[in-house]
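Colleague: I would like a close look at one part of this protein, and then a walk outward from there to the rest. Could you take your time over it?

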Amino acid sequence: MPVSEGVERRKVTTSHGRYYSARIAAQRRKKLILIQNLRKRKCVRGLRISTIRVEKKRITKGEALAILVGTQIGAGVLGLPYAASKVGLIPALAVLIGVMFLMLWTGFIVLKFSAGMGGAQMSTIAQRVLGKAGGWLMYVSIFIMSFGAILAYIAGMGSVFASLFGISETAGAFIFWVLASIVVYRGLEASGKTELAMSYVMLALFIAVTLMLVPHAKLSNGLYTDLSGILSITGVAIFALGCHTVIPDVYKGLGSYEETKKVLVWAFIIPTAIYAVFMVAFLLAFGRNTPQIATQGLESLYGHLGRIVGNLIPLLAITTSYIGIALAQQSNNEEFVKLKRPIAWGLTVIPPAIVYFAGVKNFADVLAFAGDTGDMMAFIILPILIWLVDKLRKR
């Protein structure tokens, strides 16, 4: 069918001496050819909310979900039962669900602005909306959070390797740091495949641990309320559900705003459900005596088997978090500070290792520092401020 079919051909001449209908038909043909050529291109996909085109998908939705979930399920899941034991079962569940909705909302904010800017990292988003000061504040917040988290993960894995393999904590930390940092350097695709495999194993372990605790659970152990620990459970929940730094990388890997949005919803629902079941199981089994690293309590119930299972969970959980956070900070260094990949990688993973091997090895204190400073600012305060400033500008 001709492009000009149905158009009335009135002989109205233009300054170029052409008929009006012929000129309109020619313009339509040009547009049709342009659209057909764009559809034939295999390496780009247009997004409705952005004029910028991104690369073809490099990761699947399953890998994207694994990266987001793996980034969340790390040291936080090990500390949640202990924090919950300070407030009781009902308040702990209420705080966890409330924080989940808040973090999901700020996650949507990050995704929307990142997609609108062609996959920009959080520091770049803050700079474009809040100015240079906002950009650097976001960068420093993420850097502090990433630095503290990576340092805590190295310390935690040193202890896990020592318990599992009978080597020194320093040697265990070094082995873990080398292997995990290699995965980070290889980038998002390698991270996605690695975390997808580990996520399945980790899910099976969570189910196994829950079943192991069921015979020892008593409802009376968790039915108490003590609001003096409300700030502690809130802080740990924020740290446990923080995956915002990885959202821009996942968006660029998928290449679709709508697909990333759907994955993001499940990326918060799944960890929250796992956290809730895990937290309830330990709280009903140990009550106020829940250990600081929850899985350590398994050894007191099941001996050697409990020690093995209790160390495998932190092994996988911390590894997935290390990869996700380090990957996001590496991308942040590349984009915001304009560093080349080797330098961005080195700035991300080497300083925390130096501090650890210099003698700073207190897992809990470092984790608390990272959560109370970087996480609160980067994942809640600044995204909400970006959203408010954008709303005011549109008005």
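Colleague: In which loop is Lys 338 found? Please start there and tell me what surrounds that spot.

Modeller: Happy to! One thing up front: this is a predicted model, so confidence will come up along the way.

Lys 338 sits in the loop that runs between helix H12 (297–336) and H13. What caught my eye is its backbone: the phi of Lys 338 is positive, about 60°, although the residue is not a glycine. Most residues other than glycine have a negative phi. As for its surroundings, Lys 338 has a relative accessible area of 67%, and because the cut-off for exposed is over 50%, this lysine counts as exposed.

On either side of Lys 338 in sequence there is a pair worth a look: Glu 334 and Arg 341 join their side chains in a salt bridge, with 3.2 Å from N to O. Glu 334 falls within the residue range of H12, and Arg 341 is where H13 (residues 341–357) begins. Both partners are partly exposed: Glu 334 has 24% relative accessibility, and Arg 341 has a relative accessible area of 30%.

The structure holds two salt bridges, and the other one links Lys 394 with Asp 390, whose closest N and O atoms are 3.4 Å apart. Why are these two about one helical turn from each other? Because they are four residues apart in helix H14 (residues 363–394). Their surroundings contrast: Lys 394 is exposed, with a relative accessible area of 59%, whereas Asp 390 is buried at 17%.

Now follow H13 to its other end. Phe 357 lies in that helix, and with 34% relative accessibility it is partly exposed. Phe 357 belongs to a nonpolar patch on the surface, together with Phe 165, Ile 167, Phe 174, Ile 175 and Leu 179; the accessible area of the patch is about 560 Å². Helix H7 (residues 169–186) is the element that gives the most to the patch, with three residues. For the whole protein, the exposed area comes to about 18600 Å², of which carbon and sulfur atoms supply 64%.

From the surface, let us go inside. Buried residues account for 51% of the 395 in the protein. The largest nonpolar core has 105 residues, and Leu 68, Ile 73 and Tyr 322 are those with the most contacts inside it. Helix H11 (residues 257–286) brings the largest share of this core, 16 residues.

Leu 68 is a good place to see how distant stretches of sequence meet. Setting aside residues up to four places away, Leu 68 touches Cys 243, Val 246, Ile 247, Val 250, Val 263, Leu 264 and Ala 267. One of these, Ile 247, is in helix H10 (residues 247–254) and is buried, at 1% relative accessibility. Beyond its neighbours within four places, Ile 247 is in contact with Leu 68, Gly 107, Val 110, Leu 111 and Leu 264. The C-alpha atoms of Ile 247 and Ala 120 are 9.8 Å apart, although their positions lie 127 residues apart along the chain.

Gln 72, in helix H2 (residues 61–72), is buried too, at 2% relative accessibility. Again leaving out residues up to four places away, the contacts of Gln 72 include Cys 243 and Ala 267, along with Phe 268, Pro 271, Tyr 275 and Ser 321. Across the protein, 82% of the contacts between residues at least 6 apart in sequence join residues at least 24 apart.

A further element to point out is helix H5 (residues 122–130), whose buried residues are Met 122, Ser 123, Thr 124, Ile 125, Ala 126 and Val 129. Just after H5 comes Gly 131, with a positive phi of about 95°.

Finally, the confidence I promised. There are 14 helices and two strands in the protein. The average pLDDT is 80, and 78% of the residues score at least 70. Among the elements, helix H4 (residues 89–116) has the highest mean, 94, and strand E2 (residues 50–55) the lowest, 32. Over residues 39–57 the pLDDT stays under 50, and for this stretch the model has 39 contacts beyond four places in sequence.

Methods: Residues numbered from 1 in each chain as written. Heavy atoms only, no water. Buried < 20%, exposed > 50% of the residue type's maximum accessible area, 1.4 Å probe, protein only. pLDDT = per-residue confidence, 0-100. Contact = heavy atoms within 4.5 Å. Patch = residues over 30% accessible without salt bridge, like charges linked within 9 Å, V, L, I, M, F, W, Y side chains within 5 Å. Areas by Shrake-Rupley, 256 points an atom, 1.4 Å probe, with all protein chains shown as cover. Salt bridge = Lys/Arg side-chain N within 4 Å of Asp/Glu carboxyl O. Core = buried A, V, L, I, M, F, W, Y, C linked by side-chain atoms within 4.5 Å.
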